[in-house]
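Trainee: I should like to take a close look at the disulfides of this structure, and at the elements that surround them. Please describe them in one connected account.

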Amino acid sequence: MNCLLLITAAGLFIGQSLAKDCNLICAAVYDPVCGSDGKTYPNLCTFSEAFCKNNSLRLSHAGDCNSCPYDCYKVDNPLCGSDGKTYENGCALKLATCGNSSITLRHKGECCERRSCTSVQPLCGTDGRTYESRCEFEYAQCEDPSIKLAHEGRCKDCADGCYEIYSPVCGSNGKTYSNECKLNRQSCLTGINITAVSRGTC
């Protein structure tokens, strides 16, 4: 069987066997299902055809993706809502927030837990902010994964007075900066001596 479909009372589960030829013959029946890609498929057959080509695809819920779901399939893909609650997947978030625009997606993954920080250990983040303890830094990093540890200790006063002018330079660390001012600020934040080795991108 090319794409195994197991239909049970508990729900619809897509089998893991993939077909080399995923061109299924589907009836022209409109009984929509919503995929985890946010796309509405006319029926389960057309969804299974798409699944054959992309086995990371999952069923989100029955019905059109633009409609409020009345039930969600079990898909573990946690999302953090702006209300501080972790939702099992996009469907669960939509189910809870349909008709309530005050709750939005804060970030992918589980909501970050703010712990009570007791020890004092200042750390400087690449966002230029000094965090008074490691657990405070880890909370900020959970909320924004782009924040990295610049160095231990307090951040230097590396005020961002750079203009948004695109005049790229290649740094001695192999990274391209939009201008020399941005390179110098990053050097200040990280405490690493970064110099411009050439004009233009690396």
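Mentor: Let us begin with cysteine 170 and cysteine 202, which form a disulfide with their sulfur atoms 2.1 Å apart. The torsion about the S-S bond is 110 degrees, and the link of cysteine 170 and cysteine 202 is right-handed. The pair links distant parts of the chain, 32 residues apart: cysteine 170 lies in strand 12 (residues 169-171), while cysteine 202 lies in the segment after strand 14 (196-199). Cysteine 170 has a relative accessibility of 8% and therefore counts as buried, the cut-off for that term being under 20%. Cysteine 202, at 47% relative accessibility, counts as partly exposed. The model is a predicted one, and these values are to be read accordingly.

The structure holds eight disulfides, among them two that involve helix 3. One of these joins cysteine 112 to cysteine 142, with an S to S distance of 1.9 Å. The torsion about the S-S bond of cysteine 112 and cysteine 142 is about -90 degrees, so this disulfide is left-handed. Here too the pair links distant parts of the chain: cysteine 112 is in the loop between strand 8 and strand 9 (123-125), and cysteine 142 is in helix 3 (residues 134-143), 30 residues apart. Cysteine 112 counts as buried at 12% relative accessibility, and cysteine 142 counts as partly exposed at 33%.

The other is formed by cysteine 117 and cysteine 135, whose sulfur atoms are 1.8 Å apart. Cysteine 117 is in the loop between strand 8 and strand 9 and cysteine 135 is in helix 3, so that the pair links distant parts of the chain, 18 residues apart. In this pair the helix residue, cysteine 135, is buried at 14% relative accessibility, whereas the loop residue, cysteine 117, is partly exposed with a relative accessible area of 34%.

Helix 3 leads on to the aromatic pairs, of which there are two. Tyrosine 131 and phenylalanine 137 form an edge-to-face pair, 5.6 Å centre to centre with 70 degrees between the planes. Tyrosine 131 and phenylalanine 137 are both buried. Tyrosine 41 and phenylalanine 47 likewise form an edge-to-face pair, at 5.4 Å centre to centre and 85 degrees between the planes, and both of these residues are buried.

Tyrosine 41 is also a contact of threonine 46, as is Cys26, when neighbours within four places in sequence are left aside. Threonine 46 is found in helix 1 (residues 44-53) and counts as buried at 18% relative accessibility. The side chain of threonine 46 reaches the backbone oxygen of asparagine 43 at 2.8 Å.

An open sheet of three strands has the order 4-3-5, with antiparallel pairing. Strand 4 (40-41) and strand 5 (59-62) stand at the edges with a single partner strand each, so one side of each has no neighbour in the sheet. Strand 3 (residues 33-35) pairs with strand 5 over three bridges in the antiparallel sense, and valine 33 stands opposite alanine 62 in strand 5.

Strand 5 is, in turn, one of the strands against which the buried residues of helix 2 pack, together with strand 6 (79-81), strand 7 (86-87) and strand 8 (105-108). The buried residues of helix 2 (residues 90-97) are Cys91, Ala92, Leu93 and Thr97. At the start of helix 2, a side-chain oxygen of asparagine 89 comes to within 3.1 Å of the backbone nitrogen of cysteine 91.

Technical notes
Residues are numbered from 1 along each chain as its sequence is written. This is a predicted model: local features need pLDDT of at least 70, side-chain atom pairs count only at pLDDT 80 or more; totals for chains, interfaces and linings use all residues. Side-chain values use heavy atoms; hydrogens and water are left out. Helices (H or I, at least four residues) and strands (E, at least two) are DSSP runs, numbered from the N terminus. Buried means under 20% relative accessible area, exposed over 50%, partly exposed in between (1.4 Å probe, protein chains only). A polar contact is a pair of N or O atoms within 3.5 Å; within protein, one must be able to donate a hydrogen and the other to accept it, and residues adjacent in sequence count only if both atoms are side-chain atoms. Contact means heavy atoms within 4.5 Å. Two strands pair if DSSP finds at least two bridges between them. Rings of Phe, Tyr and Trp (its six-membered ring) pair if their centres lie within 6.5 Å; planes under 30 degrees apart count as stacked, over 60 as edge-to-face and the rest as tilted. A disulfide is a pair of cysteine sulfur atoms within 2.5 Å.
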